[in-house]
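Colleague: I should like to learn how to read a model that contains two chains. Would you please guide me through it?

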There are 2 protein chains.
Amino acid sequence: MRIGVLGTGMVGRALSGKLAELGHDTRMGTRDVASALAGTEAARDGSGTLAQWAERHPQVQLVTFQEAAVYGEIIVNATAGAASLEALRMAGEENLHGKVLIDVSNPLDFSRGMPPTLAMCNTTSLAEEIQGAFPEARVVKSLNTVSAAVMTAPEALAGGGHTMFVAGNDQEAKVLVEKAILRDGFGWKDVKDLGDIRAARGMEMYLPLWLSLMMAGGAGPMFNIAVVT
Amino acid sequence: MRIGVLGTGMVGRALSGKLAELGHDTRMGTRDVASALAGTEAARDGSGTLAQWAERHPQVQLVTFQEAAVYGEIIVNATAGAASLEALRMAGEENLHGKVLIDVSNPLDFSRGMPPTLAMCNTTSLAEEIQGAFPEARVVKSLNTVSAAVMTAPEALAGGGHTMFVAGNDQEAKVLVEKAILRDGFGWKDVKDLGDIRAARGMEMYLPLWLSLMMAGGAGPMFNIAVVT
């Protein structure tokens with residue numbers, strides 16, 4: 001499939017690289033390609049500057065948000081939560097029309113220091129705001145509950161014996177994401193459909209617990225939760 | 001130990017009954033004993049009216065909030081989250097002084113319908129508010145992430161292979177709760193200390209995900225999460 005990934009941070013890179021490796025025609029969108037490639041800051045995951053990453057991944061073309069959205073049959077929002085609505089507006093509402101939009105972002109607010117709070121929660125969620133702003137997009141919330149490294153390699157933890165969630169209003173879109181991307185693509189074995197897009201609230205509000213676990217664990221972001229019955 | 005459990009709902013009953021069974025001298029506190037015993041509403045867990053429950057548990061004396069707090073060396077807040085601060089004020093600040101106060105409640109707000117939202121979150125939590133209002137109590141947040149039936153019988157799920165959390169400012173209090181109550185008492189095998197009382201935020205904000213899982217799962221409240229690394 002043709003996939004447009006919005007965002008060039010650790011999450012955008014991990015997803016774009018893996019999706020391309022899986023054989024998907026993948027383009028990665030950013031606000032301004034030239035200035036993104038001129039960036040000198042190396043990502044914390046060891047993947048270097050964006051230019052260095054791009055050189056190692058020639059199969060992933062770096063384009064604008066709008067070009068990525070026009071290109072993709074599936075769109076992935078991997079931008080920082082605080083910038084997501086603006087990035088999607090730059091992508092263009094007409095280019096999201098009828099498309100599956102996988103929202104993997106979290107509305108983290110770092111303005112109060114560490115650990116971050118959520119910019120919205122409890123009575124809404126970022127995914128709900130995105131669905132509300134782009135009613136013709138078929139928003140599926142997923143992957144936001146794990147670090148980038150776990151998203152694309154669930155087998156790296158406990159042989160894959162842990163849980164991923166999906167939420168969204170469009171059942172067909174959820175089934176596509178669950179089957180093509182999560183199970184057959186990345187190798188997730190336990191995927192739980194939590195219901196309509198309002199269930200994204202719980203998925204995003206889990207982040208403070210995730211952050212506490214990361215800080216208390218001392219082993220970095222390579223962990224997840226398994227639902228046990 | 002002498003334990004005063006505040007609250008006579010499903011959680012208060014499950015904890016009082018189990019603590020007494022474990023040999024702790026347990027009293028259960030309520031606002032008004034006579035009117036509580038006159039209540040005709042049966043609990044959803046099948047334990048009947050409070051009078052019926054009390055008749056089957058003669059070893060658990062039903063007393064006022066204040067009497068339970070005076071009596072207990074350890075106090076358990078098992079009241080409804082919306083009523084917790086008032087119940088603790090009725091228990092009396094002086095009766096909580098220096099005592100371990102296990103807060104198992106969640107600040108659920110049902111005023112907007114189902115599923116409930118949280119009455120406070122993100123920049124604070126009920127446990128932080130309790131610690132702030134009763135600075136001399138040694139507040140330990142725990143057990144709020146599972147249903148009453150799982151709290152006291154973790155082995156009922158997956159042989160106990162799942163996770164309980166604790167958070168609090170007083171290290172000695174956390175160690176006591178973890179060892180005497182959670183591990184040796186109820187049988188929890190995996191207990192994770194998330195840090196100071198601010199980590200209660202993540203534990204309480206997990207509730208919307210818990211509620212989504214319960215509604216999506218169809219198997220009721222007998223589930224939990226295991227942290228996988």
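**Reading the interface**

Modeller: Let us begin with charge pairing across the interface: between chain A and chain B the count of salt bridges is 0. Please bear in mind that this is a predicted model.

Colleague: Which kinds of residue, then, form the side of chain A that touches chain B?

Modeller: The residues on that side comprise 20 nonpolar, 9 polar and 3 charged. Polar contact is nevertheless present, as 5 residue pairs are found across the interface of chain A and chain B, both residues being at pLDDT 80 or more.

Colleague: Which elements of chain A each supply at least two residues of the side that touches chain B?

Modeller: They are strand 7 (117–118), strand 10 (190–193), helix 10 (200–205), helix 11 (207–217) and strand 11 (224–228).

Colleague: How is the size of an interface expressed?

Modeller: In general, one often quotes the accessible area that is lost when the parts come together. Here the area buried between chain A and chain B is about 2600 Å², and carbon and sulfur atoms give 73% of that area. In terms of residues, 32 of chain A are in contact with 32 of chain B.

Colleague: How do the strands numbered 11 in chain A and chain B run, parallel or antiparallel?

Modeller: Strand 11 of chain A and strand 11 of chain B (residues 224–228) run antiparallel and are joined by 5 bridges. As an example, Ile225(A) has Val227(B) as its bridge partner in strand 11 of chain B.

Colleague: What relates two copies of a chain?

Modeller: The general description is a rotation about an axis together with a shift along it. In this case, chain A is superposed on chain B by a rotation of 180 degrees with 0.0 Å of shift along the axis, and the RMSD is 0.0 Å. The two copies are therefore related as by a two-fold rotation axis. Moreover, 100% of the interface residues of chain A are also interface residues in chain B, so the copies meet through the same surface.

Colleague: Which backbone features deserve attention?

Modeller: Most peptide bonds are trans, and most residues other than glycine have a negative phi. In chain A, the peptide bond from Met114(A) to Pro115(A) is cis, with omega near -10 degrees. Pro115(A) sits in the loop between strand 6 (108–109) and strand 7 of chain A. In chain B, the bond from Met114(B) to Pro115(B) is cis, with omega near -10 degrees.

Colleague: Where is Leu143(A) placed?

Modeller: Leu143(A) belongs to the loop between strand 8 (138–142) and helix 8 (148–151) of chain A. Although Leu143(A) is not a glycine, its phi is positive, at about 70 degrees.

Notes: Residues are numbered from 1 along each chain as its sequence is written. Chains are lettered from A and ligands numbered from 1 in the order in which they are written. This is a predicted model: local features need pLDDT of at least 70, side-chain atom pairs count only at pLDDT 80 or more; totals for chains, interfaces and linings use all residues. Side-chain values use heavy atoms; hydrogens and water are left out. Contact means heavy atoms within 4.5 Å. Buried area is the accessible area (1.4 Å probe) that two parts lose on being put together, summed over both. A salt bridge is a side-chain nitrogen of Lys or Arg within 4 Å of a carboxyl oxygen of Asp or Glu. A polar contact is a pair of N or O atoms within 3.5 Å; within protein, one must be able to donate a hydrogen and the other to accept it, and residues adjacent in sequence count only if both atoms are side-chain atoms. Helices (H or I, at least four residues) and strands (E, at least two) are DSSP runs, numbered from the N terminus. Ala, Val, Leu, Ile, Met, Phe, Trp, Tyr, Cys and Pro count as nonpolar, Asp, Glu, Lys and Arg as charged, and the others, Gly among them, as polar. Two strands pair if DSSP finds at least two bridges between them. Copies are superposed by least squares on the C-alpha atoms of residues with pLDDT of at least 70 in both.
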